[in-house]
Structure formats: structure tokens, C-alpha cells
Amino acid sequence: QVQLVEAGGGSVQAGDSLRLSCTASGRPGGRFTMGWFRQAPGKGREFVAAIFWTGDQMHYSDSVKGRFTISRNGAENTVFLQMNSLKPEDTAVYYCGVVVWGGGSWPLTRENQYDYWGQGTQVTVSS
């Protein structure tokens with residue numbers, strides 16, 4: 001079992017920045033590929049960004065490329081999502097996911113490739 005704890009959501013104005021964090025625990029010594037997804041009201045969960053367990057490969061959705069940056073502190077299995085130039089359409093609940101059982105080929109952009117999820121953190125961007 002892996003537990004994920006997210007933090008850093010909030011309400012901001014368009015153009016502002018936010019930094020989300022997610023820490024995985026429950027598997028001492030494990031290093032995991034991790035990703036961020038988001039779900040806006042009335043919509044399905046969509047991929048945002050992912051980072052390979054080695055930390056040297058990142059992948060972004062087209063909607064956030066150039067504005068969001070994913071990074072990790074590998075020693076602590078903590079992943080960060082730096083979100084700059086936020087737009088109202090970024091408003092959603094952001095979920096952190098972790099791949100424990102392989103997942104498949106990189107990049108891992110499908111929800112069913114992730115094995116555990118955090119509780120989600122709300123990000124609201126006002127115009």
C-alpha cells in the first residue's frame with residue numbers, strides 16, 4: 001500500500017503561480033514514476049504531467065506545456081508541480097498518482113496506468 005499526501009492548492013488570479021506537492025509513503029526504499037492529473041467540474045480526469053522514477057524524463061499535456069514544470073525530490077519520493085501563468089481553465093481538482101506495478105511504456109498518460117492516488121487538492125483561478 002502506498003499513501004499519497006498532496007498540498008499547495010488554493011485560489012489565485014489569472015497570471016499567478018502555485019506550487020503543488022505530493023509525497024508518497026508506505027514503500028521504504030521504493031522510487032516511483034509519479035504524475036499529476038486534474039478534474040474540472042463535469043469533466044473526466046485528464047493528464048497534466050508525469051516524471052519518470054529516475055527523474056530524468058518528464059512529459060506534459062499540450063495545455064500546460066511551457067507553463068507548468070514537474071520535478072521531484074527522489075530521496076523523499078516527493079513530486080512538485082510548479083504552475084505559472086495560471087488561467088481560469090486550469091481550475092480543477094488536482095490529483096497525484098503513483099505507478100507501483102510497472103504501468104507500461106513511457107510516457108504514462110492514462111489514468112489506469114497509475115496504481116494509487118492522493119485525495120486531491122483544489123486549484124481555482126479567477127479571471
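The legends below describe several views of a predicted model of a single protein chain.

**Figure 1. The whole chain of the predicted model, built from strands.** The chain holds eleven strands and zero helices. Read from the N terminus, its elements follow the order β-β-β-β-β-β-β-β-β-β-β. The radius of gyration is 14 Å, close to the 14 Å that the globule rule gives for 127 residues, so the chain is as compact as a globular protein of that length. Along the principal axes, the C-alpha atoms fill a box of roughly 45 × 25 × 25 Å. Of the contacts in the chain with a separation of 6 or more, 58% are made by residues 24 or more positions apart.

**Figure 2. Surface and charge of the chain.** The accessible surface comes to about 6200 Å², and carbon and sulfur atoms account for 47% of that area. Buried residues make up 43% of the 127 residues. The side chains include 11 positive and 10 negative ones. The centres of these two sets lie 3 Å apart.

**Figure 3. Strand E3 and its two alternating faces.** Strand E3 covers residues 18–25, and its side chains alternate along the strand. Leu18, Leu20, Cys22 and Ala24 point to one face and are buried. Arg19, Ser21, Thr23 and Ser25 point to the other face and are not buried.

**Figure 4. The pairing of strand E3 with strands E1 and E8.** Strand E1, residues 3–7, pairs with E3 in the antiparallel sense over five bridges. Within this pairing, Val5 has Thr23 of E3 as its bridge partner. Thr23 belongs to the set of E3 side chains that are not buried. E3 is also joined to strand E8, residues 78–83, by six bridges, and these two strands run antiparallel. Here Arg19 stands opposite Gln82 in E8. Arg19, like Thr23, points to the face of E3 whose listed side chains are not buried.

**Figure 5. The surroundings of Leu4 in strand E1.** Leu4 has its place in strand E1. With a relative accessible area of 8%, under the 20% limit, Leu4 counts as buried. Its contacts beyond the neighbours within four places in sequence include Cys22, Thr23 and Ala24, three residues of strand E3. Leu4 is also in contact with Met34, Cys96, Gly97 and Val98. Further contacts of Leu4 are Tyr116, Trp117, Gly118 and Gln119. Leu4 and Cys22 are 18 residues apart in sequence, and their C-alpha atoms are 6.4 Å apart in space.

**Figure 6. Strand E9 and its antiparallel partner E4.** Strand E9, residues 92–99, is mostly covered, since seven of its eight residues are buried. Seven bridges join E9 to strand E4, residues 33–39, and the two run antiparallel. In this pairing, Phe37 stands opposite Tyr95 in E9.

**Figure 7. Strand E9 with strands E10 and E11.** E9 pairs with strand E10, residues 116–117, in the antiparallel sense over two bridges. The bridge partner of Val98 in E10 is Tyr116. Both Val98 and Tyr116 are among the residues in contact with Leu4. Three bridges join E9 to strand E11, residues 121–126, which also runs antiparallel to E9. In E11, Val123 is the bridge partner of Ala92.

**Figure 8. The backbone at Pro107 and at Ser85.** Most residues other than glycine have a negative phi, and most peptide bonds are trans. The bond that joins Trp106 and Pro107 is a cis peptide bond, with omega of about 0°. Pro107 has its place in the loop between E9 and E10. Ser85 lies in the loop between E8 and E9. The phi of Ser85 is near 50°, a positive value in a residue other than glycine. With a relative accessibility of 41%, Ser85 counts as partly exposed.

**Figure 9. Ser11 in strand E2.** Strand E2 consists of residues 10–13, and Ser11 is found in this strand. Ser11 has a relative accessible area of 64%, over the 50% limit, and is therefore exposed. Between the C-alpha atoms of Ser11 and Gln113 the distance is 30 Å. In sequence, Ser11 and Gln113 are 102 residues apart.

Definitions and conventions: Residues numbered from 1 in each chain as written. Predicted model: local features only at pLDDT ≥ 70, side-chain atom pairs only at ≥ 80, totals over all residues. Heavy atoms only, no water. Helix = DSSP H or I, 4+ residues; strand = E, 2+ residues; numbered from the N terminus. Rg over C-alpha atoms; globule rule 2.2 N^0.38 Å. Buried < 20%, exposed > 50% of the residue type's maximum accessible area, 1.4 Å probe, protein only. Contact = heavy atoms within 4.5 Å. Areas by Shrake-Rupley, 256 points an atom, 1.4 Å probe, with all protein chains shown as cover. Lys, Arg positive; Asp, Glu negative; His and termini not counted. Charge placed at Lys NZ, Arg CZ, Asp CG, Glu CD. Pairing = 2+ DSSP bridges.
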